[in-house]
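Biologist: Could you take one part of this model and walk me through it slowly? I'm new to this, so plain words please.

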Amino acid sequence: MFAVYAESISSDDPLTGLVVGERPDPTVPDGWTTVTVKAASLNHHDLWSLRGVGLEDEALPMILGCDAAGVDEDGNEVVVHAVVSDPSWSGDETLDPRRSLLSERHQGTFADKVTVPCRNVVPKPDSLTFEEAACLPTAWLTAYRMLYTQGGLKAGDTVLVQGAGGGVATALITLARAGGLRVLATSRDEAKRAKALELGAHEVFESGARLPVKVDAVMETVGRATWSHSIRALRPGGSIVISGTTSGPKVDDAELTRIFFLQLRVIGSTMGTRAELAGLMTMLDATGARPLIDRTLPMEQAADGFAAMAAGELFGKVVLTR
Ligand SMILES: NC(=O)c1ccc[n+]([C@@H]2O[C@H](COP(=O)([O-])OP(=O)(O)OC[C@H]3O[C@@H](n4cnc5c(N)ncnc54)[C@H](OP(=O)(O)O)[C@@H]3O)[C@@H](O)[C@H]2O)c1
């Protein structure tokens, strides 16, 4: 079948290991099912995989992609939940120490077909297109859990979103606005700041700029480049919810004094549960909010999408269609 896969790993030049070609059809273990992919979306995770983060040499060749929407074996329109937990695990699957994401141990979604545990298939609401639904399982689910589960935010709270252009960040802005929060956002780029306002941010700032108010929570995916600013943006007792470190995980100043003295909470967040994915879809259905898609490409042109993500040129999601 057609597939976009990692053939080799390079931390310095990740795109050299990317192949657009053919892979064998998947075999289907007991309790698993096959989804015919209609649309998939790109995440920074796919670039990390090509750099060897979360993907071992022994697992190559590996079809990339965590996210997909498509049609199940009975012809139902479905969304694929990307977190694969151990069959013996019950409860919050993000807490299963043996969990993996599609494309880490099991073949990913950038292909004609993807095989997943039956419990990883979630009905797609008719109100969402395949392209919109394909944006949800990683970036949008992560944003939903950061705001409303780990962050515990509610209507009327003020939130700062760092690095406005990212897939997770655009989801955070949209979902925070749809949930009745006051939304501040930063970006290094003036054009992206203007787009963040259009998307629903109430105020936008250059990365690192002094803010007019202290916020209840910061949503952090940038890491090293924004960490200190994030800590300094919080009101006493506020929370920083972190799910990514695009600019690197090693910070020059962890701001430990500020963290204890202002009694700040530092909360990790990763992906989300099947139930949260269903909740996210209900929220989109109910509010009319929709994923922002930067560009839609035929899957054959996946390399162009990877290159745009590596260059940081995106505002929203890259969707790959079959
Ligand atoms: N834990 C999880 O479950 C989970 C799930 C999804 C994603 N993630 C992680 O979250 C991060 C974001 O993912 P994504 O798919 O949204 O990636 P992305 O679309 O590539 O977004 C990254 C954003 O980070 C900002 N940025 C990058 N380098 C920066 C720098 N040096 N200084 C300031 N800002 C910088 C940019 O914002 P501006 O250009 O607007 O400044 C950029 O748009 C990734 O590290 C990813 O691995 C984690």
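Modeller: Let's start with valine 78, keeping in mind that this is a predicted model. Valine 78 counts as buried, because its relative accessibility is 3% and the cut-off for buried is under 20%. You'll find valine 78 in strand 6, which covers residues 77-80. So who sits around it? Skipping the neighbours within four places in sequence, valine 78 is in contact with Val35, Ala69, Gly70, Val71, Asp72, Val121, Val122, Pro123 and Lys124. Pick out Val35 from that list: valine 35 and valine 78 are 43 residues apart in sequence, yet their C-alphas are 8.1 Å apart in space.

Now follow valine 35 a bit further. Strand 3 runs over residues 32-41, and it is among the elements that cover the buried residues of helix 1. That cover also includes strand 1 (2-6), strand 2 (18-22), strand 8 (100-101) and helix 9 (302-310). Helix 1 itself spans residues 44-51, and its buried residues are His45, Asp46, Leu47, Ser49 and Leu50. Here's a handy rule: in an α-helix, residues three or four places apart point the same way, because there are 3.6 residues a turn. Right after helix 1 comes glycine 52, with a positive phi of about 90°.

For another buried spot, try threonine 158, in strand 11 (residues 158-161). Threonine 158 has a relative accessible area of 15%, so it is buried too. Again leaving out neighbours within four places in sequence, threonine 158 touches Arg182, Leu184, Val215, Asp216 and Ala217.

Technical notes:
Residues are numbered from 1 along each chain as its sequence is written. This is a predicted model: local features need pLDDT of at least 70, side-chain atom pairs count only at pLDDT 80 or more; totals for chains, interfaces and linings use all residues. Side-chain values use heavy atoms; hydrogens and water are left out. Buried means under 20% relative accessible area, exposed over 50%, partly exposed in between (1.4 Å probe, protein chains only). Helices (H or I, at least four residues) and strands (E, at least two) are DSSP runs, numbered from the N terminus. Contact means heavy atoms within 4.5 Å.
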